[in-house]
Amino acid sequence: MPSFKYLSVFSGIEAASVAFAPLGWEPDSMAVPVMRWIGERIREVDDACA
């Protein structure tokens, strides 16, 4: 079976990740860490502009 990648919205513990795991599907990326990274960049810009 070909592998399938998807975006995990809640750090890999949401129902989709649990349901897809037996199928061999894996999250390609996770939104929560991405949102944390975006927040850090926004703080850097705020600090630079202060």
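**Salt bridge, rings and surface**

Reader: What share of the accessible surface of the protein chain belongs to carbon and sulfur atoms?
Author: The accessible surface of this chain adds up to about 4000 Å² (Shrake-Rupley method, 1.4 Å probe; for residues, only the protein chains shown count as cover). Keep in mind that this is a predicted model, where local features need pLDDT of at least 70 and side-chain atom pairs need pLDDT 80 or more, while totals for chains, interfaces and linings use all residues. Residues are numbered from 1 along each chain as its sequence is written, and side-chain values use heavy atoms, with hydrogens and water left out. The share that belongs to carbon and sulfur atoms is 68%.

Reader: What pattern does the protein chain follow along the sequence?
Author: There are two helices and two strands to place; both kinds are DSSP runs numbered from the N terminus, helices being H or I with at least four residues and strands E with at least two. Reading along the sequence, you get β-α-β-α.

Reader: What percentage of the residues count as buried?
Author: Buried here means under 20% relative accessible area, exposed means over 50%, and partly exposed is in between (1.4 Å probe, protein chains only). The chain has 50 residues, and the buried ones come to 12%.

Reader: Which residue forms a salt bridge with E26?
Author: Side chains of opposite charge can pair when their charged atoms come close. A salt bridge here is a Lys or Arg side-chain nitrogen within 4 Å of an Asp or Glu carboxyl oxygen, and the structure holds one. The closest N and O atoms are 3.0 Å apart, and the partner of E26 is K5.

Reader: How many residues apart are E26 and K5?
Author: E26 is partly exposed at 44% relative accessible area, and K5 is partly exposed too, at 43%. E26 sits in strand β2 (residues 26-30) and K5 in strand β1 (residues 5-8), so the salt bridge links distant parts of the chain, with a separation of 21 residues.

Reader: Which residues do ring pairs link into a cluster?
Author: Rings of Phe, Tyr and Trp (its six-membered ring) pair if their centres lie within 6.5 Å; planes under 30 degrees apart are stacked, over 60 edge-to-face, and the rest tilted. The structure holds two such pairs: F4 with W25 is tilted, at 4.4 Å centre to centre and 40 degrees between planes. F4 lies in the segment before β1 and W25 in the loop between α1 (15-20) and β2, so this pair ties together parts 21 residues apart in sequence. F20 and W25 are tilted as well, at 4.6 Å and 50 degrees, and the cluster is F4, F20 and W25.

Reader: Which residues is F4 in contact with, leaving aside neighbours within four places in sequence?
Author: F4 counts as partly exposed at 40% relative accessibility, and its C-alpha atom is 7.7 Å from that of G24, 20 residues apart along the chain. Contact means heavy atoms within 4.5 Å, and on that basis the residues are W25 and E26.

Reader: Which residues form a nonpolar patch on the surface?
Author: Patch members need over 30% relative accessible area and no salt bridge; like charges are joined within 9 Å, and nonpolar side chains (Val, Leu, Ile, Met, Phe, Trp, Tyr) within 5 Å. One member, I38, is in helix α2 (residues 31-49) and is partly exposed at 34%. Together the patch has about 300 Å² of accessible area, and its members are W37, I38 and I42.
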